[in-house]
Amino acid sequence: MLISHPPMVLFPEHAEGRSRGFTIVELIAAMVVLGILAVTAVTKITLNQKDLDAVSRVMRSNIQFAQELAMTQGSTFGFHVRSATEYEIFEGSPGSPAINPQDNRPFVVSISPVQFVGTPADIPFLRTGRPDIGLDSVITLAGGGSSRIITVQQETGFTTLAVGP
């Protein structure tokens, strides 16, 4: 007489056609995908904030340079926003870019991917170095989910750089 035994099943949860969880391969694959997404997001945010920091520092320096040019050249120099991502250091009046001494080309600067928030007023500096503005001038820059604020004081032209809200 033959005795038949039921087949031996190593993983009984699969024998019934249902699964109780994820395999280790599926978990590792999901972790790898999430890791790649996280690194991409953090890198993008970090690069945009570094761009914002660099652009705001260079812009502040260029505004101070316009003031220095006005005092040393005895003429009006200033800061003028040309578009949401471009500004110029002008000589005489806005729309007449000064010549950049580094490359002897018009002093026009692109700040992309950073952008101006609103349109800041022109900041002309008189030959004494005093800005010809009625109130403190505020320039707000945004990029990477952050903002930076450059303020030019009305009386002295002193510039400050601060992290925005």
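Where in the chain is the place of proline 113? In this predicted model, select proline 113 and its two neighbouring strands, and you will find the residue in the loop between β5 (108-110) and β6 (115-116). With that loop on screen, add serine 112 to the selection and look along the backbone, where the peptide bond leading from serine 112 to proline 113 is cis, its omega being near 10°.

Next, move to asparagine 104, which sits in the loop between β3 (99-100) and β4 (105-106). The backbone deserves a look here too, since asparagine 104 is not a glycine and yet has a positive phi of about 55°. If you switch on a surface representation, asparagine 104 counts as exposed, because its relative accessibility is 62% and the cut-off for that class is over 50%.

From the loops, turn to the charged side chains. Side chains of opposite charge can pair when their charged atoms come close. A search of the whole structure finds 4 salt bridges, and the stops below visit some of them, including the pair of arginine 148 and aspartate 53.

Select arginine 148 and aspartate 53 together and display their side chains, which meet in a salt bridge with an N to O distance of 2.7 Å. Colouring by secondary structure helps at this stop, for the pair links distant parts of the chain: arginine 148 belongs to strand β9 (residues 146-152), aspartate 53 belongs to helix α2 (residues 24-73), and the two are 95 residues apart. Are these two partners buried or exposed? Arginine 148 has a relative accessible area of 10% and is therefore buried, given that buried means under 20%, whereas aspartate 53, with a relative accessible area of 23%, is partly exposed.

For the last stop, select arginine 82 and show glutamate 86 and glutamate 88 with it. The side chain of arginine 82 meets that of glutamate 86 in a salt bridge of 3.1 Å, N to O, and arginine 82 also forms a salt bridge with glutamate 88, where the closest N and O atoms are 2.8 Å apart. Salt bridges that share partners thus join Arg82, Glu86 and Glu88 into one network. Keep the surface on while you step through the members: arginine 82 counts as partly exposed at 40% relative accessibility, glutamate 86 counts as partly exposed at 25%, and glutamate 88 is buried, with a relative accessible area of 0%.

How values were computed
Residues are numbered from 1 along each chain as its sequence is written. This is a predicted model: local features need pLDDT of at least 70, side-chain atom pairs count only at pLDDT 80 or more; totals for chains, interfaces and linings use all residues. Side-chain values use heavy atoms; hydrogens and water are left out. Helices (H or I, at least four residues) and strands (E, at least two) are DSSP runs, numbered from the N terminus. Buried means under 20% relative accessible area, exposed over 50%, partly exposed in between (1.4 Å probe, protein chains only).
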